[in-house]
Amino acid sequence: MAAHLSSGRVNLTALREAGRRELRQFLDKCAGSKAIVWDEYLTGPFGLIAQYSLLKEHEVEKMVTLKPGRLPQADVKNVIFFVRPKLELMDIITDNVLREDRGRSPQRDFHILFVPRRSLLCEQWLKEQGVLGSFIHREQYSLDLIPVDGDLLSMESESAFKHVANMMIRMKREFPGSQNSIFPVFDTLLLLDRNVDLLTPLATQLTYEGLIDEIYGIQNTYVKLPPEKFAPKKQGEGGKDLPTEPKKLQLNSAEELYAEIRDKNFNAVGSVLSKKAKIISAAFEERHHAKTVGEIKQFVSQLPHMQAARSSLANHTSIAELIKDITTSEDFFDNLTVEQEFMSGIDTDKANNYIEDCIAQKHPLIKILRLVCLQSVCNSGLKQKVLDHYKREILQTYGYEHILTLNNLEKAGLLKLQTSGRNNYPTIRKTLRLWMDDVNEQNPNDISYVYSGYAPLSVRLAQLLARPGWRSIEEVLKMLPGPHFEERQQLPTGLQKKRQHGENRVTLVFFLGGVTYAEIAALRFLSQMEDGGTEYVIATTKLINGTSWIKSLMEKLEPAPF
């Protein structure tokens, strides 16, 4: 499904503040000292809304992870459970409450905060277990869209909600007039179901941020990295006492250098880091030229910013070295070559030698599945003989239990039989200009730089919607999965935006089913184009990459009980 609905810059700081306000209000209801029992999945998303300091201000003295058994000792008046509405979590909470020592004095008050919605099913379950009455406050905290960065919102939902467009149009029909008093924030809403573009997440992202996510995985803006590149180098000590704990870094646009390099093709990052090193080095040299009291004072006032810049440069130089070790390897190059051959339409209709070799050498299964699915998508499905061959090789090498995973990939349309006997991908590729041979990685002039040649189909659709419009690609839209439609909202004259000369239109692109960092980079590139005329804000159900996406479709197999 691809849809756009038409009606200023959204204030994501206000959204974050609204989330904090709602949290403060709930905490204030639970008067006195508090301990929070966290559903572990929620700690990352909550960290993007409120830091520990905010919780501390509201008398939160202890935080523990939700697990079966007796709750840890804590001399507090209130115990608050922050949980998703899942029955398996209700079982753990029941166990916690029933094991509470009712003889202790003073007794602790229990409260439960469901995120993002209260659930009658969960409350009924707690009632049947005889513990519902133990909770003084049972409320919900609507953690729907989390501001991840200045132009990026994510629901961080494990499962995508489909057909949002139908729901919005139904609400508009059922509540006529109610929305007309609200001033529109966006000029256009573009809803993109991930099924429209199954290809993009399967390809290896080649932006700096995309590669960090591909190799190490970014979770709620944090990444954990191998510690050895970050050890302070002391003279004469050699390699002794190297740190063993992973280096944890936060990555967002609040960091000046990261904001500058995150969306660049990785091949363009080295020269930026090199220039920065020279600038910072020259700035520190200035101290030798500071003679007067005024000059020394000025240098000292700039010192904290300069030291922060030097620390940031050291971190990103280390990350770039870690990534380069991988991107210059023969295996990475061979894998990327096959991906790019498929995306440019070379030999997509027969079994691939590289994939067969990787299976024979028992490379990680996810790597194999990404490549096979990519070939399938770039060929509008595989011929029966090729599909059966791959399935047989995978099951014989990795185990027959993976037949469930292969079935899931087929249901998702990632791995399928070519039924019509016709491959539509070449037509889609040529019409939408999805493959560009003359890509400029250093100073890009097209979104295809984020994959060094491949332009993300999803972002090309957004670009064409803005100019010249989808009518120019009507035939290709029919070839893409699911329906596509346009809906225009009629606004009262008083709410119609008076656009200033040179003011950009604002489009919210909402990816249902996940978005990659490379797609985000491509949309930011379009926002920054001088003649673009459109500023993009991105929302999604989940931030994904090919590995996390395939993992979500892999069957989780329980070990045998013997």
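What volume does the largest cavity have? The legends below start with that view and then move through this predicted model.

**View 1. The largest cavity and its lining.** The answer to the opening question is about 70 Å³ for the largest cavity. Its lining is made up of Ala-35, Ile-36, Val-37, Lys-62, Met-63, Val-64, Leu-71, Pro-72, Ala-74, Val-79 and Arg-108. By class, nine of these lining residues are nonpolar, none is polar and two are charged. If you follow the backbone here, you will meet β2 (34–38) and β3 (60–65), each of which supplies at least two residues of the lining.

**View 2. An open sheet of five parallel strands.** The two strands just named also belong to this sheet, whose five strands are arranged in the order β3-β2-β4-β5-β6 with parallel pairing. The edges are taken by β3 and β6 (135–140), and each has a single partner strand, so one side of each is left without a neighbour in the sheet. From one strand to the next, the twist averages 20°.

**View 3. The pairing of β4 with β5.** Zooming in on the same sheet, we come to strand β4 (residues 78–83) and strand β5 (residues 109–114), which run parallel and are joined by six bridges. To find your place along the pair, look for Phe-81, whose bridge partner in β5 is Ile-112.

**View 4. Strand β15 and its neighbours.** Is strand β15 (residues 534–540) largely enclosed or largely open? Six of its seven residues are buried, so β15 is largely enclosed by the rest of the structure. Strand β14 (residues 505–512) runs parallel to β15, and seven bridges join the two. Within this pairing, Leu-508 has Val-537 of β15 as its bridge partner. Strand β8 (residues 152–154) also pairs with β15 in the parallel sense, over three bridges. There, Ser-154 stands opposite Thr-540 of β15.

**View 5. A right-handed β-α-β unit.** Here β14 and β15 appear again, this time together with helix α19 (residues 517–528), and the three make a right-handed β-α-β unit.

**View 6. The second largest cavity.** This cavity holds about 40 Å³ of space. Around it you will find Val-148, Asp-149, Leu-152, Glu-209, Thr-221, Leu-251, Arg-262 and Tyr-517. Sorted by class, the lining has four nonpolar residues, one polar residue and three charged residues. Two of the earlier views meet here: strand β8 covers residues 152–154, helix α19 covers residues 517–528, and Leu-152 and Tyr-517 are among the lining residues.

Key
Residues are numbered from 1 along each chain as its sequence is written. This is a predicted model: local features need pLDDT of at least 70, side-chain atom pairs count only at pLDDT 80 or more; totals for chains, interfaces and linings use all residues. Side-chain values use heavy atoms; hydrogens and water are left out. Buried means under 20% relative accessible area, exposed over 50%, partly exposed in between (1.4 Å probe, protein chains only). Helices (H or I, at least four residues) and strands (E, at least two) are DSSP runs, numbered from the N terminus. Two strands pair if DSSP finds at least two bridges between them. A crossover is right-handed if, with the strands pointing away from the viewer, the path from the first strand over the helix to the second runs clockwise. On a 1 Å grid over the protein atoms alone, a cavity is a set of points where a 1.4 Å probe fits but cannot get out, and a pocket is an open set with protein on both sides within 12 Å along at least five of seven lines; lining residues have an atom within 4 Å of a point. Grid points are joined across faces, edges and corners, and a volume is the space filled by probe spheres set on the points. Ala, Val, Leu, Ile, Met, Phe, Trp, Tyr, Cys and Pro count as nonpolar, Asp, Glu, Lys and Arg as charged, and the others, Gly among them, as polar. Axes are lines fitted to C-alpha atoms, for helices over the stretch in contact, and angles run from 0 to 180 degrees between N-to-C directions.
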